[in-house]
Structure formats: structure tokens, C-alpha cells
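This report goes through one protein chain, from its nonpolar interior to its sheet, its charged pairs and a few single residues. The sequence and structure are shown here for reference while reading.

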Amino acid sequence: MPAPDQATPSSLVELLRKNIIDAIGTATAPEKWRVVIADRPALKIVSSVLKMHSVLEQNVMAIQLLTRSRQPYPDIDAIYIIVPCADSISRVISDFKVDPNTGEVIHRQYARAHLFFTGTLSDALLDHLRSSSAAPFIKAATELYIEYNPIESRVFLTTPSDQPFYALYSPHTLDTVGKDLDAAADRLLSVVVSLNIRPYIRYYKPSASAPYAAPQSLLLPGNGKTETLCPRVAESMAAIIQGKLNDYFSHEQSNPDGRGNYADTLDPSVIIVVDRSIDLYAPLLHEFTYQALVHDLIDLERGNKYVYDSETTDGQIQTVEAELSEQKDVIWQKCRHRHIGVVSQSLADQFEKLIKENAGVKATQQASRKLTLHEMKAVLSELPEFKQLQKSELVTGRTASGEYVDRTYLETRLIAFLDNNELDESDRIRLLFLYLVLVDGGNATDRRRLEEVPQCLSVNDKRAAVNLCRLGVPTDREEEEESAQEGPSIAGRYQWDAVSEPKDGQLRPRLEPAIKCIVNEQVGNTLDIDLFPWAEEAPPESIPKHILNVNATSLRRNKSSWRRSKQSLPKHNGKKRGVIIVYIAGGVTLSEMRAIYELSETLKRDIYIGSTHIITPRGFLDDLKSLHLEMLT
């Protein structure tokens, strides 16, 4: 296991960190001082993987915010890390002013400028820079492609909006969804460039989908016909990212200074683009791992920071911030994907050992009389999440003893759970939704009957049930449509064996997310070509690919006076397997993240997963409830 302050091999966090440090540290001679200037979006990216002292260690005299009044350093070179937008470029230009008539320098904020853009710089903005008064002072202009958020070594987010699920799946965002998909594709492109791969793309195309251009509306139940088909999110995303990749690599190949080294791989790298309709069990079910339980029960700041008040030995209250990071916390890295029963027992044993071996800790423990981890485990075992182990019958179709059951049995069990007022309201709603997914929406009569059982079901909850049809579950189907339909609509969707055998302290078989089977089928060359077509050409079979190694420090477009020497890329000692990236448009679950790590370990290759955001069961319910609302986007 690596030390907590070290990144794991092939870590996206480490790749992003290295790209930024290399840009800052190699822009000028190592012994020279420099100033770093960043706009707010770029500074957010930098601070997500680097502490400020790590930046200052690169002979950086100061770190300045582009939008604020800044102290000039006319004798020191400046490293600009900015997003490729008009506002940031205009601010860079204003740092260097020249009299247009005499050519005399009026204002010179820094000696020279080294520009590093977080993403693709448009031709229009590039021309604007070339013709500006700042052009003579610009030493280099480089596209870093760092516009993504690596929250873990194998997990990244491309969150393009504050409400990513609504932005992609609401019928009220048809005019803006393209912009959100384009922004997400820009961030996915950054991941591709950081990994130095040239991937083939395939995407999920269920037959029940409808294109975005189709007329769609969402009416409330009882107010008219609800025309809501599952939009082609994955297909649209795949087309956009394919276009961006084609554009990027065409520029790299046409620019001699921008070509990277070539490396042999045993098979091609692949991006598999899916949408949230691929697997609705994963976001509706609680995962019983340590990481999932933390996300379910604790409000985390920025996704991985837990802030709480703690009482010191002298009675003082202090605020403590705990960061759940695989780079900084060995216990978190080791335990996050393990079953909570195993983790709680392990931590309790370690804690008891600490108390036994340390008299001071033991005295403090007895005086404060806080819960031991054994007691915490007992409390956890009474939570509704743990009691719902029996309810997995609704997904597996099996009893606790492994016997298969029929639909009548499941409905009887479901009604008993829905009528149990001791269960949490959101848990009962999730149970109902799980059943609707299992029976492909059911028939209208049964749906209405089941909705009347739990008295906790509000109007918004019923709307959420209807909104499932935006994810391919026909919950808006009426009796006359059911009789006219030829065959089940589920026939045109991906199906997989979701049940795995119990292990690592599990009480019963675990439900595996669809993406685990999809990756295994991709590796085994058995993934259905009709459900997962290639965006363009399919890779030739059994022929090693020469994957283009993209050098992030090279210029995609250059001006002769804006060049700097290329950094050499590390040589590959042996052939590697191609990289696999799974991208889920509409949210990734903790179980899917866990599955990617297991696949990487089992298949011995670099596999990553990305999405717009992380979703939990309760958060997913809230997202479903909002789809019919007309929000300001």
C-alpha cells in the first residue's frame, strides 16, 4: 500500500498535479523567480490537487488572482493559468500596454507572459491574442487540458452545471442541454489528453430512447397524456466528444511541434458512454460499504471533507476538519470499499488495542464515556439501511435462502413494506420505485393501487414515479397502450446478472452494478454491438494500436515567437493494456465507483469512471422529483 502522501500509479489526481507543477516549474529557467496568476475557475482546479506551499516551492514569488488589483513585477516572468475565455484574455492583454503610434511601452505588469489555458483555446481568441498589444510579451501559449475534477485516483467529475441531472433529463431543458453536454465533453477531453490516449468511443443506445429533437412534454397525472420518452443522452454525448477528439488530434497531427511519442498497447483504449438509464438499481439501493455509508449519513463538504465540533480534555470546543482522502488517509484508502460490518469490527479491534496499550487514552475514554465502536456497530445494525437487506428480494427475485420467487410474492412483500410506518418515508418510496423498475413500469391499475398503500406518498413523490419514464421506465403508460404494445419494452435495453456471491462479511449476495458487467464484456469482446455501437469506426480486431502520446506542453496552434522546448515523455518499457473509461451522464453511484477499482485490480489495467456528479439514493429521489419543474437554468 502506498504511503498516505503518495498518489497511486495511474492516478488522475497525480496526473493533474504533475501537469500543473510541470507547467509552473518548466516555463522559465529553474533558478529564476516567477509569479503565478490565475482566474477563479483555474485557481479552483489548482487548489483541488495542490496546496499553495507546493506551488510556492517552484520558485514562485507570489500567487495572484487575475480579477484583483495586483502588484506589478516588471522584471519577473509571469505564469498565467486561466480558462480560455474572452474576459480572462482581455485581462491578460491589459497587463501589457503599448502606444500604437510610437510603439513605446506604456504599462508592463510583468517581464514576459507564459500562458497556460485549462482547455481548448478558440481560433477567434487566439487571433485576438496575436493581434493585441500583449503579443510581443507572450513567450508561450499552451493548452494544458486540466478542466476536470479528479475526486479519486480512478474517478473524475465533469459537473457542467449546478443541477446536472435536471439539465440532462428535464423536458424543460431541451434548448440548453446541448450546452451542458458540450461543457461535459470538454472536461472529458481533458481527461483523455491527461492520460495520453487516443480512444475509440462506443455508447449505449437502447431502442426505447427518443432523440432530443422529438416533441416532448410532461403533464401531471390526470391532467392529460404524458409524452415522456427517455432522451438519447449517451448518443448525444458520444457524438460531441467524438467531434472534439477528431478536432484535437487533427490539429496535433498537422502541427509538427505538437506530436507526441507513440507507444504500443496490446489493445485499443476505449471510452464507453452511458446514461443513467443503464442501471436504475444502483442509484436506488444503498451500498453497504464504508464509503457509501459515510455519504448516506453524513453531510460532506466538497464531497470529501467532514467538519464537526469536538470537545478537548479541558472542556473546550474546537472545530475539526477531517479529509477523507486516499492520498492522506491510509485507513480510508484501505477500508472505503469494504463491507461496513467488516470495517466496524476491524476499527473496533484496533481501537480496543489502542486503549489497552495506552493508559492515557483509556482514562480519557472512561471519563468521557463516549460510545465504543462495538456500541456504534450495534446502533448501526438497527438503522433502516441495514434492515433493508431483506428487501433486495425486489431486485434479485430471490429470497434470503436463494430461492426464486414470482411476481405475486414480490407484490405481497412490497405492500407489507409500503404499509410499515416504522420504515423511513424515503425508504418506502425507493422500494416502490425499485419494483416499478423491476416490472418495467407495471400496468396502470397496479401502479395506482400500489401508490395508495404508503400514506407518506406525496404529490411530488407520485410525480417522481412518473418521471421515471425519462429514464426508460414507462410509468406513464395507460391501459390502452399496454394492450397495443407488442412485447415488453425492456427487450431493447441492456440486461445483466446483477447478483454476486457473498464475500468479505456480506450477509447475502451483493448486487453488482451494470457497468461491471459492461466492462467485463468489453474486455471479452462480447459487448452487444447493437446496444453499444461505435461512434465512428470500430477498432480492427487483434491488431495492436499505436496510441498517440499527447504531450500537454506542446502547442496545438503556435506562433513562431511563442514556442518553448518540449518536455520528454517517459518511455514505456513494455506494452500495456489499453485504457478503459466509463462515462455516465447523469450521476455515478458509490457502488459503481467501487466496481471500477475492483475491475482495475482484477483485470490488471487502467480503468476509470467519470460522471457529471455523485448521487446517493436520497439525492436521486430529489432529482427525480424536480424534473417536471420549470427552473431557471
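## Ile-581 and the nonpolar cores

In this predicted model, Ile-581 touches Phe-156, Leu-188, Val-191, Leu-195, Ile-197, Val-270, Ile-271, Ile-272 and Tyr-608, when residues up to four places away in sequence are not counted. Ile-581 is also one of the residues with the most contacts inside the largest nonpolar core, a set of 120 residues in which Ile-20, Ile-81, Phe-433, Tyr-494 and Phe-532 are likewise named for their contacts. The largest share of this core, 9 residues, is supplied by helix H7, which covers residues 177-194. Apart from it lies another core, of 25 residues, and among them are Ala-62, Tyr-80, Ile-89 and Phe-96.

As background, nonpolar side chains in soluble globular proteins tend to be buried together.

## The chain as a whole

The chain has 633 residues, of which 53% are buried, and its secondary structure comes to 24 helices and 21 strands. Among the contacts in the chain with a separation of 6 or more, 78% are made by residues that stand 24 or more positions apart.

## The parallel sheet and helix H1

Five strands form an open sheet with parallel pairing, and their order is S2-S1-S3-S6-S7. Strand S2 (60-65) and strand S7 (138-143) stand at the edges, and because each has a single partner strand, one side of each is left without a neighbour in the sheet. Neighbouring strands of this sheet are turned against each other by 15 degrees on average, with direction ignored.

At one of these edges, strand S6 (residues 113-117) and S7 run parallel and are joined by 5 bridges; Phe-117 has Glu-143 in S7 as its bridge partner. Helix H1 (residues 12-26) lies across strand S1 (34-38), S2, strand S3 (77-82) and S6, and the direction of the helix makes an angle of about 135 degrees with S1.

## Salt bridges

The count of salt bridges comes to 22. Helix H1 holds both members of one such pair, Lys-18 and Asp-22, which are 4 residues apart, or about one turn of the helix, and the closest N and O atoms of this salt bridge are 2.6 Å apart. The two partners fall into separate exposure classes: Lys-18 counts as partly exposed because its relative accessibility is 45%, whereas Asp-22, at 18% relative accessibility, is under the 20% limit and therefore counts as buried.

A second pair reaches across the sequence, since Arg-112 lies in the loop between strand S5 (105-108) and S6 while Asp-77 lies in strand S3, so that the pair ties together parts that are 35 residues apart. The side chains of Arg-112 and Asp-77 meet in this salt bridge at 2.9 Å, N to O. Arg-112 is partly exposed, with a relative accessible area of 30%, and Asp-77 is buried, with a relative accessible area of 9%.

Asp-87 and Arg-91 form a further salt bridge, whose closest N and O atoms are 3.2 Å apart. Both residues belong to helix H4 (residues 86-94), and because they are 4 residues apart there, about one helical turn separates them. Asp-87 counts as partly exposed at 44% relative accessibility, and Arg-91 counts as partly exposed at 30%. Elsewhere, Glu-512, Lys-516, Arg-594 and Glu-598 are joined into one network by salt bridges that share partners.

## Cysteines and Thr-616

The number of disulfides in the structure is 0. Two cysteines can be described by their exposure: Cys-85 counts as partly exposed at 27% relative accessibility, while Cys-469 is buried, with a relative accessible area of 3%.

Thr-616 is found in the loop that runs between strand S21 (607-611) and helix H24 (617-626). Is this loop residue, Thr-616, buried or exposed? Its relative accessibility is 18%, which is under the 20% limit, so Thr-616 counts as buried. Not counting residues up to four places away in sequence, Thr-616 touches Pro-283, His-295 and Asp-296.

Note on methods. Residues numbered from 1 in each chain as written. Predicted model: local features only at pLDDT ≥ 70, side-chain atom pairs only at ≥ 80, totals over all residues. Heavy atoms only, no water. Disulfide = S-S within 2.5 Å. Buried < 20%, exposed > 50% of the residue type's maximum accessible area, 1.4 Å probe, protein only. Helix = DSSP H or I, 4+ residues; strand = E, 2+ residues; numbered from the N terminus. Contact = heavy atoms within 4.5 Å. Pairing = 2+ DSSP bridges. Axes fitted to C-alpha atoms, helices over the stretch in contact; angles between N-to-C directions. Core = buried A, V, L, I, M, F, W, Y, C linked by side-chain atoms within 4.5 Å. Salt bridge = Lys/Arg side-chain N within 4 Å of Asp/Glu carboxyl O.
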